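I opened this entry to look up the aromatic contacts and the strands around them. My notes follow in the order in which I checked things.

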Amino acid sequence: MRLPHYALACLLLLAVPLDAAAGDLYAAINRLRAGGGNCAAMENLPPLKPQAALERVARDLSRGGDLKQSGEQNGYRAARSRTLSVTGDGVDARAEEILARPGYCPQLQDAGLTEVGIYLDQRQLWIVIAAPFAPAVSLSAQAAGQRVLDLVNRARATPRSCGNQAFKAARPVRWNDTLASTSRLHAEDMARHNYFSHSGRDGSDPAQRVERAGYRYRFTGENIAAGTQMQAEDAVAGWIKSPGHCANLMNPAYTEMGVAFAINAASQMGIYWAQAFGTPR
């Protein structure tokens, strides 16, 4: 059906105030985030950055969509996210007033979230706040390796049980560059090709990989970690909780180790760690 010219004009006039209201609402949200209105700020938070992909996610939610599915379809991968929604007649005119209520303030002031998208019409408001998936290790490769070595030796200095297996305190292990290089290659391969396994894509096992690197061993073993275990402390804590990895870490037969990490934000896990233990011949 062809709309008369005056009807088209009315539709355009209706769209302009809503778009303007959405734009003003971004500023209002950041005022509340900074402690404006009834939202007392506990710390100095940076403003939320408007993100077009999150606007599309908010629009999809207004139409009954799923948060995770919409994020994937719109090319936005979140490490964390939260949604706020308000429905009712004239919500577009009262949005800032509503968000200033105490119940919404803590959500707008979540320090771990950095980006925002809004969908607004006359009867509903949807806000999606998120932190983009951006895996990172806070230390350099060298510093992270030293940190893991220190944590491993601290753990080895204390008797512990790894599952049903009891271990006495063990002597510290020393750093080995060849084992570190082997670990780096495996971590990089897992990150680049988006898999997580002690088996390499070529079918190699940990012993074959250290031997290939020129390390002549009497004993060898491997630990791996990924995903939420982003920092050195996370990786070692995860290994201690896992009976098999813990047994490697506490094994008194090992005298050397090397460790490395690799990052690929496009992969499923984001950060991958590999640690090789050994005792040379």
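I began with the criterion for a charge over a ring: NZ of Lys or CZ of Arg has to lie within 6 Å of the ring centre and within 35 degrees of the ring normal. The model is a predicted one, and in it I found the charged end of Arg-77 over the ring of Phe-133, 3.7 Å from the ring's centre.

Next I looked up ring pairs, and the structure holds 2 aromatic pairs. For Tyr-254 and Phe-277 I noted ring centres 5.3 Å apart and planes at 10°, so I entered this pair as stacked, given that planes under 30 degrees apart count as such. Tyr-254 lies in the loop between helix H10 (243–250) and strand S9 (256–263), while Phe-277 belongs to strand S10 (residues 271–280), so that I recorded a link between distant parts of the chain, 23 residues apart. I found both Tyr-254 and Phe-277 buried.

The pair of Phe-261 and Trp-273 I entered as tilted, with 5.2 Å from centre to centre and 50° between the planes. Here Phe-261 sits in strand S9 and Trp-273 in strand S10, 12 residues apart, and I found Phe-261 as well as Trp-273 buried.

I then turned to the strand pairing, where S9 and S10 run antiparallel and are joined by 8 bridges, with Phe-261 standing opposite Trp-273. Strand S7 (residues 174–175) runs parallel to S9 and is joined to it by 2 bridges; I noted Glu-256 in S9 as the bridge partner of Arg-174.

Lastly I checked burial along S9: 7 of its 8 residues are buried, so this strand is largely enclosed by the rest of the structure.

Notes:
Residues are numbered from 1 along each chain as its sequence is written. This is a predicted model: local features need pLDDT of at least 70, side-chain atom pairs count only at pLDDT 80 or more; totals for chains, interfaces and linings use all residues. Side-chain values use heavy atoms; hydrogens and water are left out. Rings of Phe, Tyr and Trp (its six-membered ring) pair if their centres lie within 6.5 Å; planes under 30 degrees apart count as stacked, over 60 as edge-to-face and the rest as tilted. Helices (H or I, at least four residues) and strands (E, at least two) are DSSP runs, numbered from the N terminus. Buried means under 20% relative accessible area, exposed over 50%, partly exposed in between (1.4 Å probe, protein chains only). Two strands pair if DSSP finds at least two bridges between them.
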